[in-house]
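Work through the exercises below with the sequence and the structure side by side. Each task is followed by a solution in steps.

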Amino acid sequence: MRKAKPKKRIILPDPVYGDVRVTKFVNHLMYDGKKNTAFAIFYSALETVKAKLPNEELAALDIWKKALENVTPLVEVKSRRVGGATFQVPTEIRADRKESISMKNLIAYARKRGGKTMADKLAAEIVDAFNNQGGAFKRKEDMHKMAEANRAFAHFRF
């Protein structure tokens with residue numbers, strides 16, 4: 001390679017929970033550098049989640065983590081050209097990419113939802129993901145189905 005790999009930036013833990021994953025999630029959620037707004041949306045979404053699931057013994061942050069875990073894909077398909085034909089080759093995903101994909105899917109499907117505020121939409125998507133439902137969970141299932149259907153091309157892995 002011609003250039004050196006860029007250094008990984010250190011992400012500071014969030015002020016309320018002291019968790020780095022929360023900050024990463026908020027960074028994905030953020031628009032136009034409005035980090036305080038993104039934090040406010042995330043925290044109010046967690047409060048709404050706690051209100052929606054009062055009989056759950058887990059804390060709101062643990063519910064969010066479980067929801068993220070439920071929408072995290074294990075394999076994805078990548079296009080690979082072999083002799084004029086393009087194959088969808090199933091490949092395993094690196095841990096940091098898994099985390100990033102799950103966060104982006106959760107946020108993307110929350111944005112597509114109907115609802116009043118982004119906090120409400122995000123809370124609804126988190127609750128659905130926690131219950132193995134919703135758009136983000138369906139996206140993970142579709143990714144796994146695609147990989148399973150194209151398992152015959154796994155030997156083209158690169």
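**Exercise 1. Place Thr117 in the chain and decide whether Thr117 is buried, partly exposed or exposed.**

Step 1. Thr117 sits in the loop between α4 (95-112) and α5 (118-130). Helices (H or I, at least four residues) and strands (E, at least two) are DSSP runs, numbered from the N terminus. The model is predicted: local features need pLDDT of at least 70 and side-chain atom pairs count only at pLDDT 80 or more, while totals for chains, interfaces and linings use all residues. Residues are numbered from 1 along each chain as its sequence is written, and side-chain values use heavy atoms, with hydrogens and water left out.

Step 2. Apply the cut-offs: buried means under 20% relative accessible area, exposed over 50%, and partly exposed in between (1.4 Å probe, protein chains only). Thr117 has a relative accessible area of 38%, so Thr117 is partly exposed.

Step 3. Look across the chain from this loop residue. Ala45 is 72 residues from Thr117 along the chain, and the C-alpha atoms of the two are separated by 9.6 Å.

**Exercise 2. Describe the fold of the protein chain: how many helices and strands are there, and in what pattern?**

Step 1. The protein chain has six helices and two strands.

Step 2. Along the sequence they follow the pattern α-α-α-β-β-α-α-α.

Step 3. Taken along the principal axes, the C-alpha atoms fill a box of roughly 55 × 40 × 25 Å. Of the 158 residues in the protein chain, 38% are buried.

Step 4. Contact means heavy atoms within 4.5 Å. Among contacts between residues at least 6 apart in sequence, 60% join residues at least 24 apart.

**Exercise 3. Work out how helix α1 packs against helix α3.**

Step 1. Helix α1 (residues 20-29) and helix α3 (residues 60-70) pack at an angle of about 65 degrees, and their axes are 12 Å apart. Axes are lines fitted to C-alpha atoms, for helices over the stretch in contact, and angles run from 0 to 180 degrees between N-to-C directions.

Step 2. Classify the angle: under 35 degrees counts as roughly parallel, over 145 as roughly antiparallel, 65 to 115 as roughly perpendicular and the rest as oblique. α1 and α3 are therefore roughly perpendicular to each other.

Step 3. List the residues. From α1 the contact uses Arg21, Val22 and Phe25, and from α3 it uses Leu61, Trp64, Lys65 and Leu68.

Step 4. Sort them by type. Ala, Val, Leu, Ile, Met, Phe, Trp, Tyr, Cys and Pro count as nonpolar, Asp, Glu, Lys and Arg as charged, and the others, Gly among them, as polar. The contact of α1 with α3 has five nonpolar residues, no polar ones and two charged ones.

**Exercise 4. Trace the aromatic pairs that involve Phe25 and Phe42, and Phe25 and Trp64.**

Step 1. Rings of Phe, Tyr and Trp (its six-membered ring) pair if their centres lie within 6.5 Å; planes under 30 degrees apart count as stacked, over 60 as edge-to-face and the rest as tilted. The whole structure holds seven aromatic pairs.

Step 2. Phe25 and Phe42 form a tilted pair, at 5.4 Å centre to centre with 55 degrees between the planes. Phe25 is in helix α1 and Phe42 in helix α2 (residues 35-52), so this pair ties together parts 17 residues apart in sequence. Phe42 has 0% relative accessibility and therefore counts as buried.

Step 3. Phe25 and Trp64 form an edge-to-face pair, at 5.3 Å centre to centre with 80 degrees between the planes. This pair links distant parts of the chain, with Phe25 in helix α1 and Trp64 in helix α3, 39 residues apart. Both Phe25 and Trp64 are buried.

Step 4. Tyr17, Phe25, Phe39, Phe42, Tyr43 and Trp64 form one aromatic cluster.

**Exercise 5. Find the surroundings of Phe39.**

Step 1. Phe39 is in helix α2. At 10% relative accessibility, Phe39 counts as buried.

Step 2. Neighbours within four places in sequence left aside, Phe39 is in contact with Asp14, Pro15, Val22, Thr23 and Val26. For Thr23, 16 residues from Phe39 along the chain, the C-alpha separation is 8.3 Å.
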